[in-house]
Amino acid sequence: MDAIRLFHVQMRIDQPNDLTLRFLETVLTILSMCYVYDMLISHFGDNQYVLHVPWTIDMFTIFQGLVGAAVQSYFAYRVFKVSKWWITPMFVWFGSLARVAICIVVATMDLRFGDLAAVVDRIGSVISTSFSISVAMDIINTVSLTWFLVTNRNSGLARYSITFQSSMLDGCVSTHAWVD
């Protein structure tokens with residue numbers, strides 16, 4: 001446990017507001033459970049209800065957009081911390097805002113039409129755009145984190161990592177931590 005505290009103190013890990021993300025994830029889980037209950041218990045065997053878009057899916061869309069934007073923005077922030085370069089994270093932050101806006105538009109259009117076929121016919125391209133933005137943000141974050149970490153391999157982070165591993169090993173040897 002001391003090693004974990006040492007790691008957090010020495011690395012000064014920046015974390016997003018944990019309670020906000022836990023709240024959003026809890027709401028997502030509750031909405032998913034409500035949808036599953038609605039489909040499998042309340043309307044079991046009703047084939048026509050499958051084409052209906054319930055309010056839980058609309059709210060799920062909004063909260064999923066918020067959680068996805070928060071996660072992608074956090075990784076963009078980590079890219080900024082590693083690279084000290086604003087351009088790459090700005091693309092992800094603007095993409096996150098666009099994705100949240102698109103999720104809100106999709107949810108309101110779902111509430112307006114109420115039928116899955118009508119929703120897909122009218123705003124199918126908007127839904128595809130939301131998915132495309134999400135994939136693009138994933139790719140930007142992954143490639144940029146990989147690039148900046150590989151190019152900065154001989155920087156202070158790598159030296160710190162070796163120092164940290166040595167201190168962990170010294171701590172384990174001196175306290176016999178590997179013995180149960």
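In which helix is the place of arginine 99? In this predicted model, arginine 99 belongs to helix H4. The description below begins with the chain as a whole and then turns to the surroundings of that helix.

The secondary structure of the chain consists of six helices and zero strands. Read from the N terminus, the order of elements is α-α-α-α-α-α. The chain has 180 residues, of which 28% are buried.

Helix H3 spans residues 55-83 and helix H4 spans residues 87-113. The two helices pack at an angle of about 180°, and their axes are 9 Å apart. Helix H3 is therefore roughly antiparallel to H4, since angles over 145 degrees fall in that class. The residues that form the contact of H3 with H4 comprise 18 nonpolar, eight polar and three charged residues.

Within helix H4, the environment of arginine 99 was examined for charged and polar partners. Arginine 99 is buried, yet no salt bridge is assigned to this residue. The nearest side chain of opposite charge is that of aspartate 138, at a distance of 7.5 Å. Because a salt bridge requires a side-chain nitrogen within 4 Å of a carboxyl oxygen, the pair of arginine 99 and aspartate 138, 7.5 Å apart, does not qualify. A polar contact is nevertheless present: the side chains of arginine 99 and glutamine 64 are joined at 3.1 Å.

The end of helix H3 and the loop that follows were considered next. Serine 83 is located in helix H3. With a relative accessible area of 16%, serine 83 is classed as buried, because the cut-off for burial is under 20%. A polar atom of the serine 83 side chain lies 3.2 Å from the backbone nitrogen of tryptophan 85. Serine 83 and leucine 145 are 62 residues apart along the chain, while their C-alpha atoms are separated by 8.4 Å.

The loop between H3 and H4 contains lysine 84. Although lysine 84 is not a glycine, its phi is positive, at about 60°. Lysine 84 has a relative accessibility of 57% and so counts as exposed, the threshold being over 50%. Tryptophan 86 is also found in the loop between H3 and H4. The relative accessible area of tryptophan 86 is 47%, which means that this residue is partly exposed. The C-alpha atom of tryptophan 86 is separated by 9.4 Å from that of alanine 76, a residue ten positions away along the chain.

Terms used:
Residues numbered from 1 in each chain as written. Predicted model: local features only at pLDDT ≥ 70, side-chain atom pairs only at ≥ 80, totals over all residues. Heavy atoms only, no water. Axes fitted to C-alpha atoms, helices over the stretch in contact; angles between N-to-C directions. Helix = DSSP H or I, 4+ residues; strand = E, 2+ residues; numbered from the N terminus. Parallel < 35°, antiparallel > 145°, perpendicular 65-115°, else oblique. Nonpolar A, V, L, I, M, F, W, Y, C, P; charged D, E, K, R; others polar. Buried < 20%, exposed > 50% of the residue type's maximum accessible area, 1.4 Å probe, protein only. Lys, Arg positive; Asp, Glu negative; His and termini not counted. Polar contact = N/O pair within 3.5 Å; in protein donor to acceptor, adjacent residues only side chain to side chain.
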